[in-house]
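Dear colleague,

Please find the structure below, together with a short account of its aromatic pairs and a charged patch. I would be grateful if you could read the notes with the model open.

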Amino acid sequence: MVPTPNPNALENKIRMAEVEKHNKEGDAWMVIGNMKTCPETGPKVYNVSEYLDDHPGGAEVMLDVAGKDADTMFEDIGHSKQARKTLEKFLIGVLELTEEEKAAAAVAAEKAANASSGMPIVPLLIVLLAIGAYFYLQSQK
């Protein structure tokens, strides 16, 4: 059974400590979204309790992330537009982050950005140096 979207859900602020309590079959909440994918609201909280049996990947997949931040797993799977539309029907609120959680999220996002943007440069430089050395040595013959 798929509920009707709650038009007031975005006004409901929910702490992660509350989400963590809802981590079992029949009572499963999860957080999906981040400041990049949801810049206006940030992470959102979904009550997927009634959707577990209908989930194409099975209830077990969802129960593994029930009561947790499931954003990375949700995005890694590559859900369709229809899946995202269905998800909105289960929206119950917006994750309210403490100042500590905001700071930790900012640090994690910065580390991820630096790691992903910095890593390809080193192998590229090695390849370019090798090519340069090859042509230099060829010109010396």
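Is tyrosine 134 buried, partly exposed or exposed? In this predicted model, tyrosine 134 has a relative accessible area of 47%, so the residue is partly exposed, as the range for that class runs between 20% and 50%. Its ring pairs with that of phenylalanine 135, which is exposed at 54% relative accessibility. The two ring centres lie 5.4 Å apart and the planes meet at 75°. The pair is therefore edge-to-face, since that angle is over 60 degrees.

The count of aromatic pairs is two. The other one joins tyrosine 51 and phenylalanine 90, with centres 5.2 Å apart and planes at 50°, which means that the pair is tilted. Tyrosine 51 sits in the loop between strand E4 (44–47) and helix H2 (59–64), whereas phenylalanine 90 sits in the loop between helix H4 (81–88) and strand E5 (91–96). With these positions 39 residues apart, the pair links distant parts of the chain. Both partners are buried: the relative accessible area is 17% for tyrosine 51 and 3% for phenylalanine 90.

The loop between E4 and H2 also holds aspartate 53. Aspartate 53 is exposed, with a relative accessible area of 70%. This residue belongs to a negative surface patch, which is formed by Glu25, Asp53, Asp54, Glu60 and Asp64.

Yours sincerely

Note on methods: Residues numbered from 1 in each chain as written. Predicted model: local features only at pLDDT ≥ 70, side-chain atom pairs only at ≥ 80, totals over all residues. Heavy atoms only, no water. Phe/Tyr/Trp six-rings, centres within 6.5 Å; stacked < 30°, edge-to-face > 60°. Helix = DSSP H or I, 4+ residues; strand = E, 2+ residues; numbered from the N terminus. Buried < 20%, exposed > 50% of the residue type's maximum accessible area, 1.4 Å probe, protein only. Patch = residues over 30% accessible without salt bridge, like charges linked within 9 Å, V, L, I, M, F, W, Y side chains within 5 Å. Areas by Shrake-Rupley, 256 points an atom, 1.4 Å probe, with all protein chains shown as cover. Salt bridge = Lys/Arg side-chain N within 4 Å of Asp/Glu carboxyl O. Lys, Arg positive; Asp, Glu negative; His and termini not counted. Charge placed at Lys NZ, Arg CZ, Asp CG, Glu CD.
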